[in-house]
Amino acid sequence: MYAKCIKCGSENTHGSRVRPGERTIGMLFRRPVRCRECKERFWVRNPNAYLTAGAMVAVSALFISVVWLIIKDNMSDQYTAKVSQTEPEQPAISDAAKPNRDPTAHLGTANSLDVGPFNSAQITAGAKTALPPTQKRPDDHHFAVQLYQESAENGDSDAQYKLGLLYLTGNGALQDFAEAAKWLKLAAEQGYALAQYELGLIYRSGYGLATDQVQSYMWLNLAAAAGIKQAVIVRDEVMKSLNTKQLAQAQKISRDWLASRPKPKPDKPDPPKTTVQPSTTPLPLAESNRKQRNNE
């Protein structure tokens, strides 16, 4: 379909060439036309320009959508990877030296030294088996405290540590920071590494004892030397709050305390075993003759 001339109305028109400088923003969707009759040159709408612009918009939208989906997928993969890396992490401390702030897990077996998760059903079962059938089970609070009280008063460092945790956490006993510090300090002074770690935290926070960063560094330093890896991290944090003089003092106290500990006696070697050798002394003549007659 040819455009009509705006001057003479003739449909005998043809497309004209775009001259330099004519293609402005306002003329992007128009094209020049010239009339063959009157030679008038004018501009009309260009349908092809609209189709081209629509196609470009569609391609651009598709490209942006694909890029967005790729970025979103990568972000979700990174988040999932971070979660999967943080969830399975295990403490660096070994099971044997792992500090556990839930000593009520040992209520089922008083002599157990393993640290496990708190299970109220197991505690109740252990308490029932430890008491006579006709005796009523005491209150949980008194039962948990009495379970370790006697052994702790007799100097058992493990019972002192667990009794201190009962008072420190308030799980199985009334929370009492002063009592917790008392029993943990008794156990720490006997060389119990986990109690030394907890006592260092108490001196650092000031719960139960006055805040003393020097004492905190000392006990954490001893616990770290005993193999408590978590104590190494906290000790280095406390070290940043000490000046040079305080740090030297804390390290000297640690050395003196360690040197004052009694050294283990070496095991005595077992006495050599004596073996009885058979006698090679010849028998008397009469004795040998008598044995020969008996054999005949």
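In strand β3, Val44 stands opposite Arg31. This pairing belongs to a predicted model of a protein chain whose secondary structure comes to ten helices and three strands. Along the sequence the strands precede the helices, in the pattern β-β-β-α-α-α-α-α-α-α-α-α-α. The chain has 296 residues, of which 28% count as buried. The points below treat the sheet, the helices, two individual residues and the confidence of the prediction.

**The sheet**

- The three strands form an open sheet, ordered β1-β2-β3, with antiparallel pairing.
- Strands β1 (13-15) and β3 (41-45) lie at the edges, each pairing on one side only.
- On average, and with direction ignored, neighbouring strands of the sheet are turned by 40 degrees against each other.
- Three bridges hold the antiparallel pairing of β1 and β2, and His14 has Arg34 in β2 as its bridge partner.
- Strand β2 (residues 30-35) is joined to β3 by five bridges, and these two strands also run antiparallel.
- Along the pairing with β3, Pro32 stands opposite Trp43, while Arg34 stands opposite Arg41.
- Arg34 therefore appears in two pairings, since a residue is listed opposite it in β3, namely Arg41, and His14 has it as bridge partner in β2.- The hairpin of β2 and β3 has five residues between the strands, and within this hairpin Lys39 takes a positive phi near 65 degrees.
- How enclosed is β3 by the rest of the structure? Strand β3 is largely enclosed, because four of its five residues are buried.

**Packing of helices α4 and α6**

- Helix α4 (residues 157-169) packs with helix α6 (residues 193-205) at an angle of about 30 degrees, and the two axes are 10 Å apart.
- The crossing in which α4 passes α6 is left-handed.
- On the α4 side, the contact is made by Tyr161, Leu165 and Leu168. These residues meet Leu194, Ala195, Glu198 and Ile202 of α6.
- By character, the residues of this contact divide into six nonpolar, no polar and one charged.

**Two residues in other helices**

- Ser151 lies in helix α3 (residues 140-153).
- Is Ser151 buried or partly exposed? Ser151 is partly exposed, because its relative accessible area is 31%, and the partly exposed range runs from 20% to 50%.
- When neighbours within four places in sequence are left aside, Ser151 is in contact with Asp156 and Ala159.
- Ser151 and Leu163 are twelve residues apart along the chain, and 9.7 Å separates their C-alpha atoms.
- Ala248 lies in helix α9 (residues 244-260).
- A relative accessible area of 44% makes Ala248 partly exposed.
- Ala248 and Val214 are 34 residues apart in sequence, with a C-alpha to C-alpha separation of 9.5 Å in space.

**Contacts along the chain**

- Which share of the contacts between residues at least 6 apart in sequence joins residues at least 24 apart? In the protein chain, this share is 47%.

**Confidence of the prediction**

- The pLDDT of the protein chain averages 74, and 65% of the residues score at least 70.
- Where in the protein chain is confidence lowest, and where is it highest? Helix α2 (residues 120-130) has the lowest confidence, at a mean of 40, whereas helix α7 (residues 213-225) has the highest, at 93.
- The pLDDT is below 50 over residues 86-99, a stretch that has 18 contacts in the model beyond near neighbours in sequence.
- Residues 104-138 likewise keep a pLDDT under 50, and the model has 40 contacts for them beyond four places in sequence.

Conventions:
Residues numbered from 1 in each chain as written. Predicted model: local features only at pLDDT ≥ 70, side-chain atom pairs only at ≥ 80, totals over all residues. Heavy atoms only, no water. Axes fitted to C-alpha atoms, helices over the stretch in contact; angles between N-to-C directions. Left-handed = near helix turned anticlockwise from the far one by under 90°. Contact = heavy atoms within 4.5 Å. Nonpolar A, V, L, I, M, F, W, Y, C, P; charged D, E, K, R; others polar. pLDDT = per-residue confidence, 0-100. Pairing = 2+ DSSP bridges. Buried < 20%, exposed > 50% of the residue type's maximum accessible area, 1.4 Å probe, protein only.
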